[in-house]
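These exercises ask you to read a structure step by step, with the sequence and the model open beside you. Try each task before you turn to its solution.

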Amino acid sequence: MHLKAIQEFFKNIHEFPKTLKQSVVRHDKPTSERARSQIVFGNIFFHILSTRIHRYSLKKAYTFGLGVIAASSFVILLVTGILLMVYYKPSVELAYDSIKDIHFIVPGGRFIRNVHRWATNVMIVTVFLHMARVFYTAAYKKGRAFNWLLGILLLVLTLLLGFTGYLLPWDQLAYWAITIATNIAASTRELTDALNFTHYFDPGGFMKVLLLGSESIGEEALIRFYWLHCIILPFAMMMVLAVHFWRIRKDGGLARPDHITEKDLEGTPEDPLSDKVFTYAPEKTYGLMCLVKGKSPAVNRGPEQTVSSWPHLVIRIVTLFMLTFAFTCLYALWLNAPLKELANPAVPENPAKAPWYFLGLQELVSYSAFMGGVGIPALALLGLALIPYLDRRDQEIGRWFDNKEGKQVAICSFVFSSLTVIGMLAFTVKFGWLRNWFPQIPQLVITFINPGTVLVACFVSWSFYWMGKDNSIRMAAIALFTCFLVGFVILTYFATYHRGPNWEFYWLQSQWPGH
Amino acid sequence: MSTGEKNGLACRLNIDPDKKISRRDFLGLSATWACAAAWALTLIGLLKFPKPALLPDISNKFKIGKPEDFLVGTVKIFEDKNVIILRDEEGILAMSLVCTHLGCIVSKTSKGFACPCHGSRYDEKGRVIRGPAPRALDWFEISQLPGGKLLVDAGKRVPVGTKYAV
C-alpha cells in the first residue's frame, strides 16, 4: 500500500486555491517595482499601458483626463447598448413599441436607455474637448501626426454613431432628423442641378439610396442604420481606438516638454526611483537596444521622472471611469431620454431639430444644403486632418498655448470669431440674405455666397493675417482652430435656443406660437 | 549570391534591378499580386451589394379620380403621397409637397407654401421666394387612363406651369 500519492492528492486539494491563484497571477504582491511592472506587462488588458509613466502625463491641469473620460463613456455606451439590444426590435412596426417597452415595462430599462442617451452627450463633448487639448498643447507634433489623424477619424465615428442611433426609436424627431440628414447626403444635387448634369452624374442620389436602401425612409433604412449602429461603427471604433491607444505608447507617451521643472510636476505622485540619477552606465545591456531610438543608455540623469503605472496611472483611469459613470447615472436619474410621438411621414416636426451636436450644422444648412451639410464640414475635417502636415516647425510641445505664446492669438481669435459669428447671425436674422433682396438670383450664387461661406472666408483670411504677422504657421493654425471652435459653439447654441417653428428667430422658447 | 543571402535573410528576394528575376521570385511575386488582385476584385464586386437591382419602394403612380371630380377651385391633398392637386380655369395640376431643400413636408398657406424645417417659402406656383430651397416644388405629369380616370406620375417631373387641360 503506497500512501504517498494519496497524501499528495489531499495536499494538492488543500493547496488548490493557492495554486489556482499562482496559475493566473504570476507575480508577487505589488510591493516591488518588479512586481508592479509585471502586473502591467503580464496582463493583456493593462499591456496597452507602459510599465512606467512620466509624472508630467499625470498632471491634472495638463490633460484634464479628457481622453480617458471619452473612452470611459464609450465603454458605458457599449455595455448599455448591448443591454438595450435584448429588447429593441429593428422593424418599422415594432421599433417604437419596443422603446416604449424598454421605458415602461423592462425593469431598469428606462434607466439604461437614459444612461445610453446621456453618455453620448458626455462622449461627444469630451471628444471635442480632448481634440482641443491636443491641439492647444501642440501634442500632434514630434511623430504624433498619424495619431492625430486617427483622432479625427474617431471624432467622425463618434458623430456617425450618434447619428445612426438617432433613427432607431422611430419617433417623430428621429424620422425627420434622418430625413434632413439623408437629404444633406443627397445635397450635391444642389450643385449638379445648377450645372444641369444630375441626370448623368448624381453622387447625392447614390449616397441617399446607399444609406436608405430605398428612395424613402422605411424598413430598409431602419435595418441599415441598425446594422451600422450596432455592428459596423462600434467595431470600427474599437479597432481605431485600440490603434489610437497603442500609438500613444509607440509615439513616446503623452506629449511633454523637453525641459520640465520641479514646479511643473507639483502635485504629481513621486516614488523613490523617480528622482534617482544613474551616475554610471548600467552593467547589463540588451540586444534589442540597437532597435530603440533615442539617447541611451541613461547616464547621469534619472529615469526621466517616471513612476510605475501600477498603481499611479491605473488608479487614475479607474477614478475617471467611476466619475464618468456616476455623472451619467445621475444625469439619467434626473432627466429622461426623449421619445416623441410615433413617426408620421406626412407631418414634419416643427421645428424639426437634429440632435444638439448637429444643430450648428443645421444652422449652416438653413443657408445652403450643400455648403452647410457637405462643403463646409468636409473642408473643416480636411483642415483638421492636415494640421500636423502643414504645421511642421519644431517647437516645445506639451504646454497649453505653447507656454502663453499662443494665448494672445487664441484670445484675439476668440473675440474676432464671436463678433463675426454673432454679427453675421444678427445681420441674417434682421435683413435676410441674397434671395430676399434679389428673388431671381441663381441658386449657384447662393450656394457659394451665403452666411456660412462668408464666415469661413473671414476665418481663413484672419488665419492668414496671423501667419504673416507672427511669421508662424502654428499661430495661423491656432487662429483658425479657435475661430472654427467658437463658431461651432455659437451656431450650436443659436440653433438650439433661438430657432423655433419654421426656423424663425425667437429670443425664448416660450415665445413660440402654439400649434 | 543574392542580396538576401548576404544579409542572412531566410527568404531571399532579388532586389538587384539589373539582374533578371529568378523563377522563385517570379512565382512568389505572382502569388502575392494574385492575392491582392483577388481581394481587390472581391471588394469591387461587393460595391454593388448595397444597391439592390429593385428598390422596395411602391409605385410613384396613383389615380386621383375623374376630371369632373375636380371643380374649379378644388384643392385636394394626397397625404400618403405628399402631393397636392389644384384645379383652376386653365386645368388640373399636381404639385409635390416635399421641400426641395431637405425633404420636409411644406404646408399650404394663403400666399403659397411654407416649409417648417428651415423656413423656405414658395409662391402659389411652387417657385422659391425665400429661404434655402434650391429650386421650385416639383410639378408632376398628369395623364388620363382609358377608363377616364386621371393618373399622376410622381416619378416624372414636368416644367413649372404645366397643367392638364380639361
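**Exercise 1. The two chains as wholes**

Among contacts in chain A between residues at least 6 apart in sequence, what percentage join residues at least 24 apart?

Solution. Before counting, note that this is a predicted model, in which local features need pLDDT of at least 70 and side-chain atom pairs count only at pLDDT 80 or more, while totals for chains, interfaces and linings use all residues. Residues are numbered from 1 along each chain as its sequence is written, and chains are lettered from A and ligands numbered from 1 in the order in which they are written.

Step 1: two residues are in contact if their C-beta atoms, placed from the backbone, lie within 7 Å. With that definition, 75% of the contacts in chain A between residues at least 6 apart join residues at least 24 apart.

Step 2: for chain B, residues 24 or more positions apart account for 35% of the contacts with a separation of 6 or more.

Step 3: helices (H or I, at least four residues) and strands (E, at least two) are DSSP runs, numbered from the N terminus. Counted in this way, chain A has 19 helices and two strands, whereas chain B has two helices and ten strands.

Step 4: a residue is buried if 20 or more other C-beta atoms lie within 10 Å of its own, exposed if 12 or fewer, and partly exposed in between, with the C-beta atoms placed from the backbone. Buried residues make up 39% of the 515 residues in chain A, and 26% of the 166 residues of chain B count as buried.

**Exercise 2. Two domains of chain A**

Which helices of chain A each supply at least two residues of the side of domain 1 that touches domain 2?

Solution. Step 1: find the domains, whose bounds come from an automatic or database domain assignment. In chain A, domain 1 takes in 34-265 + 296-396, and domain 2 takes in 404-515.

Step 2: the centres of these two domains of chain A, taken over C-alpha atoms, are 24 Å apart, and their contact takes 29 residues from domain 1 and 28 residues from domain 2.

Step 3: on the side of domain 1, the helices that each supply at least two residues are α6 (109-136), α9 (188-194), α13 (359-365) and α14 (369-390) of chain A. The largest share, nine residues, comes from α14(A).

Step 4: sort this side of domain 1 of chain A by class, where Ala, Val, Leu, Ile, Met, Phe, Trp, Tyr, Cys and Pro count as nonpolar, Asp, Glu, Lys and Arg as charged, and the others, Gly among them, as polar. The result is 17 nonpolar, eight polar and four charged residues.

**Exercise 3. One helix and one residue**

Where around the axis of α10(A) do its buried residues lie?

Solution. Step 1: in helix α10 (residues 203-212) of chain A, the buried residues are Gly204(A), Lys208(A), Val209(A), Leu211(A) and Leu212(A).

Step 2: the arc is that of the directions from the helix axis to the C-beta atoms. These residues cover an arc of only 165°, which puts them on the same side of α10(A).

Step 3: the buried residues of α10(A) pack against α8 (172-185), α9 and α11 (219-250) of chain A. Just after α10(A), Gly213(A) takes a positive phi of about 65°.

Step 4: for a single residue, turn to Met475(A) in helix α19 (residues 473-497) of chain A. Met475(A) is buried, because 23 other C-beta atoms lie within 10 Å.

**Exercise 4. The sheets of chain B**

Which strands of chain B stand at the edges of the open sheet of four strands?

Solution. Step 1: two strands pair if DSSP finds at least two bridges between them. The four strands of this sheet have the order β5-β6-β7-β8 (chain B), with antiparallel pairing.

Step 2: β5 (107-108) and β8 (128-130) of chain B are the edge strands, each with a single partner strand, so one side of each is left without a neighbour in the sheet.

Step 3: an open sheet of six strands in chain B has the order β1-β10-β9-β4-β3-β2, again with antiparallel pairing. Its edge strands are β1 (61-65) and β2 (75-78) of chain B.
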